[in-house]
Structure formats: C-alpha cells, structure tokens
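Colleague: I would like to test the labels on this model against their definitions. Shall we go through them one by one?

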Amino acid sequence: MISRDVGIIGYGSAAYDKKPRQTLFGYIAEACRNALAHAGVRKFEVNGLAVDAALGGDTAVSTAEYLGLSLSWAYKSTAAGAGPIMSVVNAVRALDAGVADYVICVGAGAQDIAAFKKRIAQFTHAVSDYLAPHGYGGPPGMHAIIQKKHMARYGTTREQLGRIAVDQRANASRNEAALLRKPLTLDDYLNAKLVAEPLRLFDCVMPCSGAEAVVIGALDRAGGKGVRLLSACERHNHPLGEIAPVCGGWEVFRDQLFEEAGYGPRDMHFMNCYDDFPIMAAMQIEDLGFCAKGEVGRFLEENRLTHDGSFPFNTGGGQLSCGQAGGASGLLGVVEAARQIRGEGGERQVAGATRGIVSGYGMISYGHGLSASAVILEKA
Amino acid sequence: MSYPEPTLTETNRPLIEAWRRGELVLQHCAPCGHIIFFPRELCPKCWSTQLEWRKHSGRGRVVSHSRVYSHVTEPFASESPVTLAEIELEDGGAMLARVIESVISAQAESLPPVIPAQAGIQKAEIAPGAAVELVPMPDAARYSLPTFKLA
C-alpha cells in the first residue's frame with residue numbers, strides 16, 4: 001500500500017454551474033471549506049495544498065496566498081484529467097514522508113463557453129500550431145477519429161457505447177449535484193445531434209464550472225471512515241508516436257497496479273473512470289483488465305453500469321452527467337469513491353462497497369490524451 | 001475570414017513555405033530514418049539533431065476520420081462539416097489533416113461507406129483505406145497547412 005497511516009479523511013465540492021457564478025478561486029475556496037468541514041480539520045492545521053486547475057500565471061503558492069494558507073508542501077499537477085489522482089497520491093506520499101500534516105487536494109474550473117473555446121484551441125503547442133489551423137473541432141473531433149478506429153478494428157457499436165451514457169444518467173438521477181439528471185434513453189443517445197461523426201451530443205461532456213476537493217491526513221483522524229490508497233500508477237505518452245491509438249497508458253501499468261494492491265479487477269466493488277467520451281471510458285475498462293482488448297462492446301451488453309448493477313460505474317453519473325468542471329473532472333471520481341467507501345452514497349450507495357478503482361485520462365495533444373493514471377482505494 | 005495559422009518558427013519554416021507552393025516536405029532523421037511530424041528540433045526517437053527536410057509525394061491513405069459538425073471558430077463553422085483524418089503517407093510518416101470532400105452532406109453518414117475505386121466509380125466516399133492526395137495549387141493556397149482530397 002502507498003501508506004498505512006495516511007489517506008483520504010474527508011471531501012467536499014463546490015456546487016456546479018452551467019455558467020460561472022464566481023471566479024476560479026471562488027470555486028476553489030468553496031470546495032476547500034466544504035472538504036475541511038467534512039473532515040473535521042481546521043484551516044490552521046492545513047500546511048499542504050495541491051491544485052489542479054487552469055491557473056494561468058497563478059500556481060499552488062498564489063492559490064495559498066488567496067486562501068490565506070501557509071504551506072510546507074505545494075503542488076500543481078501537469079497531467080490535466082489524469083493529474084488529480086496523482087495529486088492525491090503524491091500528497092499521501094508527502095505526508096508519509098513527514099513534509100506536511102494536512103493537505104487539501106483541490107481541482108476546479110470556472111469557464112464560460114468563450115473561455116472553453118479559447119482553451120481548446122490552445123491546449124498545447126502541437127494543438128494550436130498543427131490541429132487548430134485545420135478546424136479540428138476540439139476534443140470531440142479527435143476522439144471521433146479514435147472511436148471510429150475502435151469500431152472498425154473491433155466491431156464496437158454505438159448501441160454498446162451508449163449503455164455507458166444511459167446507465168450513468170440513471171446514476172445521476174440519484175445525485176442532486178449532477179447538472180444533467182433527466183432520464184436518457186438509448187434512442188435519445190443514438191439520435192441526438194451530430195457533433196463529430198460518429199459522436200453525437202450525449203457522447204460529449206458538457207463544460208461547466210465547479211470544484212472538488214479531498215483532505216489528506218492521518219487516517220486515525222477519520223473516525224473509522226478513512227480511505228486508504230492501496231496502489232497507484234501513472235503513464236504519460238504511451239503508446240509512443242501513435243496519433244490516434246485505441247489503447248492508453250493503463251495497459252502498461254495494469255498488472256503492477258493490481259499486484260501491488262493485492263487484488264484483481266473482479267475484487268473491485270465499483271469503478272469510476274475519466275469519462276470525457278464513452279469511448280475513452282470503454283478503453284479504460286479494457287486497458288485496466290475488466291475485459292480483453294476489443295471486447296468492451298460485449299462487456300457493455302452483458303453488464304449494467306448502475307449503482308445497483310453488475311458493474312457499478314461512475315456511480316454519481318460521471319462527467320457525462322455531472323458536467324466537466326475543468327480541473328475538478330479528474331477528482332470527481334476520487335470524491336465519489338471516498339463517498340461510496342465511507343457508506344455516504346445515499347440513494348446511490350453501492351451495497352457493501354469497501355474497495356474500488358478510479359482512473360484518469362487527459363493532457364489532450366496531437367491526436368489523443370497523453371496521460372493515464374489509476375488508483376485503487378479501500379476502507380481503512 | 002482566413003484560417004488560423006501556425007506560429008512560424010525557424011523549426012517549421014520549411015514545412016510552411018513548401019506548402020505555400022503546394023508541396024509537402026517532412027523532417028527525416030539522418031541517423032535513424034524516423035520521419036517526424038509535427039516539426040521538432042530533434043528526432044523524438046533517437047534525439048539526433050541531424051534532421052533533413054525531404055519532399056513527399058503527398059499521396060496517402062486514410063487510417064480513420066471524422067466529419068466534424070460542431071466548430072468552435074469561424075470560418076470552420078460556416079464550412080461545416082469539416083473532414084479531419086489520420087493519414088498514413090505513402091513515403092512514410094503520418095499526420096492528422098483536413099480532407100476536402102467533393103460530396104458532403106449531413107446525411108452522408110448513412111450512405112454506403114466504401115465504393116471501391118476499382119469499380120470504376122470516380123468519386124470514392126471517404127473511409128478507412130481511402131486514397132488521398134494533396135489539394136493542388138491554386139486551391140492549396142487557401143489552407144494554412146497541408147490539406148488533402150480524395151484521390
């Protein structure tokens with residue numbers, strides 16, 4: 001395990017909005033306050049901060065200035081949607097090494113449509129110079145090419161992938177914090193407005209504003225509700241040099257991840273993955289070993305992904321139903337995992353859940369997201 | 001309204017200037033032979049800085065593609081759908097690029113995907129394996145990066 005004594009001891013969110021009602025720092029502050037209240041940790045005890053957000057010229061340190069925190073550990077991740085998982089992992093490692101006592105890991109976004117459009121045309125140097133001049137259509141255009149390849153190579157269908165969007169929406173109907181809660185049928189999914197063939201509206205996350213935060217500290221502070229990190233891995237820029245691969249870095253570290261956790265995929269009580277598009281969620285199911293490569297279509301036909309289904313998946317509705325709040329999106333699955341493991345899932349509680357996996361994906365560049373991460377969590 | 005342009009640097013200047021003449025040139029690594037796209041100061045495979053620009057035929061095949069209907073910037077929104085494809089070049093190397101289709105419509109997705117070129121039909125539908133070539137001059141001058149059409 002990553003640490004015997006240190007883990008997640010609380011979590012909190014800032015309410016999500018379709019249009020921002022406050023600044024990025026406002027969302028960060030709201031989530032941090034709620035997370036500390038949930039953990040029962042007081043502000044003056046916090047001396048570590050990790051931030052996942054498009055901060056511009058700001059850093060974790062100037063975020064601390066805004067929040068009035070004095071820090072012995074400050075961290076800002078570099079892996080976009082795969083980053084927040086590793087922020088949590090690195091915070092646990094830092095506390096285990098004694099460099100801080102309590103850390104808040106916060107991910108946030110405050111974006112209107114104009115800000116989002118500007119951001120996606122300039123994700124990286126390669127995107128702004130070699131994709132945006134073609135009218136690449138942002139992440140949907142890129143992931144459409146990836147999905148089409150997966151469909152051609154493995155026979156995956158939209159009917160199969162649609163089960164991810166439909167079942168996650170059913171989970172979201174039991175999550176008051178989700179922005180999209182209206183029931184979604186497979187027909188709605190199949191016939192929605194075309195965005196980038198073969199992707200339609202409900203294949204694509206809705207950019208929004210909000211924040212998620214977790215508090216890392218001594219597990220004995222959690223009153224029996226701590227969450228331990230059993231194992232975690234990250235992989236960047238795999239596979240090398242392939243423009244639109246139908247696999248990701250998860251396949252490289254899958255065996256190590258489960259071996260270090262001492263469990264296999266079947267021992268997981270739920271999976272929360274980075275679901276910017278159902279095809280990427282499907283690839284994480286494959287690459288993390290829940291089914292063989294290329295067989296996710298059949299896997300989706302044979303399983304229900306609802307909180308009470310055979311494969312509880314993105315049990316709060318995921319980004320596809322909650323919305324993608326910038327840097328909060330990679331932390332959404334961690335917060336929901338902690339909620340489930342603590343038995344605080346309410347109407348969407350996975351019965352008897354004490355252990356689960358959360359995976360991340362991000363850092364969109366020339367043809368695909370470059371970064372993959374995953375963590376296995378268990379009740380302490 | 002003109003298309004967005006890549007930032008012109010000493011590193012990508014040969015690519016951009018060749019394309020202004022309607023030609024495709026790519027960096028080849030002298031020691032290891034790796035063909036590099038997008039342009040860089042070093043070979044990402046062996047880290048050599050001995051790179052040579054070589055002319056390519058501009059012919060290739062579609063690996064995967066998408067017609068993109070939802071655009072964030074003009075002038076692409078008014079040209080929707082824009083077809084974007086991963087293209088494998090016949091002289092080696094690969095890139096993502098725009099493909100100009102002669103027949104495009106919102107209903108095109110439901111058409112038969114492949115009309116084999118050997119059947120003698122002139123206009124192939126874009127599909128995996130479809131042959132593409134560079135848009136010739138003077139049309140090429142409209143686009144800021146190498147752009148293809150169905151061959």
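Colleague: What makes E10(A) and E11(A) a hairpin?
Modeller: 4 residues lie between E10(A) and E11(A). E10(A), residues 355–364, and E11(A) are antiparallel, joined over 9 bridges. Strands count as paired if DSSP finds at least two bridges between them, so 9 bridges qualify. In the turn, A:Gly367 has a positive phi of about 110 degrees. One facing pair is A:Ser359 and A:Ala374 of E11(A).

Colleague: Which conventions stand behind these names and values?
Modeller: Residues are numbered from 1 along each chain as its sequence is written, while chains are lettered from A and ligands numbered from 1 in the order in which they are written. The model is predicted: local features need pLDDT of at least 70, side-chain atom pairs count only at pLDDT 80 or more, and totals for chains, interfaces and linings use all residues.

Colleague: What counts as a strand or a helix?
Modeller: Both are DSSP runs, numbered from the N terminus: helices are H or I with at least four residues, strands are E with at least two. Chain A has 13 helices and 11 strands.

Colleague: What makes chain A as compact as a globular protein of its length?
Modeller: Its radius of gyration is 19 Å, close to the 21 Å that the globule rule gives for 380 residues, so the description holds. The radius is taken over C-alpha atoms, and the rule is 2.2 Å times the number of residues to the power 0.38. Along the principal axes, the C-alpha atoms of chain A fill a box of roughly 55 × 45 × 40 Å.

Colleague: Why is E11(A) called largely enclosed?
Modeller: 10 of the 11 residues of E11(A), residues 369–379, are buried, so the rest of the structure largely encloses this strand. A residue is buried if 20 or more other C-beta atoms, placed from the backbone, lie within 10 Å of its own; 12 or fewer make it exposed, and in between it is partly exposed. Over chain A, 61% of the 380 residues count as buried.

Colleague: Which other strand pairs with E11(A), and in what sense?
Modeller: E8(A), residues 227–236, runs antiparallel to E11(A) and is joined to it by 9 bridges. There, A:Arg228 has A:Glu378 as its bridge partner.

Colleague: How do you know that the length of H6(A) agrees with its residue count?
Modeller: H6(A), residues 138–154, has 17 residues and should span 24 Å at 1.5 Å a residue; its end C-alpha atoms are 25 Å apart, which agrees. The expected span is 1.5 Å times one less than the number of residues. Of the 17 residues of H6(A), 14 are buried. Just after this helix, A:Gly155 takes a positive phi of about 75 degrees.

Colleague: Why is H7(A) called largely enclosed?
Modeller: 12 of its 15 residues are buried, so the rest of the structure largely encloses H7(A). Among them are A:Leu161, A:Arg163, A:Asp167 and A:Ala172. The buried residues pack against H8(A), H10(A), H11(A) and H12(A). H7(A), residues 158–172, reaches 21 Å, close to the 21 Å expected.

Colleague: Where do the domain bounds of chain A come from?
Modeller: They come from an automatic or database domain assignment. Domain 1 is 6–112 + 210–226, and domain 2 is 118–206 + 229–379. Their C-alpha centres lie 23 Å apart.

Colleague: How many residues of the two domains are in contact?
Modeller: 31 residues of domain 1 of chain A contact 35 of domain 2 of chain A. Contact means C-beta atoms, placed from the backbone, within 7 Å. H3(A) gives the most to the domain 1 side, with 7 residues. By class, that side has 19 nonpolar, 8 polar and 4 charged residues. Ala, Val, Leu, Ile, Met, Phe, Trp, Tyr, Cys and Pro count as nonpolar, Asp, Glu, Lys and Arg as charged, and the others, Gly among them, as polar.

Colleague: What does chain B bring to its contact with chain A?
Modeller: 30 residues of chain B contact 30 residues of chain A. E4(B) supplies the largest share of the chain B side, 5 residues. That side has 17 nonpolar, 8 polar and 5 charged residues.

Colleague: Why are E2(B) and E3(B) called edge strands?
Modeller: The order of the open, antiparallel sheet is E2-E1-E3 in chain B. E2(B) and E3(B) each have a single partner strand, so one side of each lacks a neighbour in the sheet. E1(B) and E2(B) pair over 2 bridges, with B:Ile35 as the bridge partner of B:His28.
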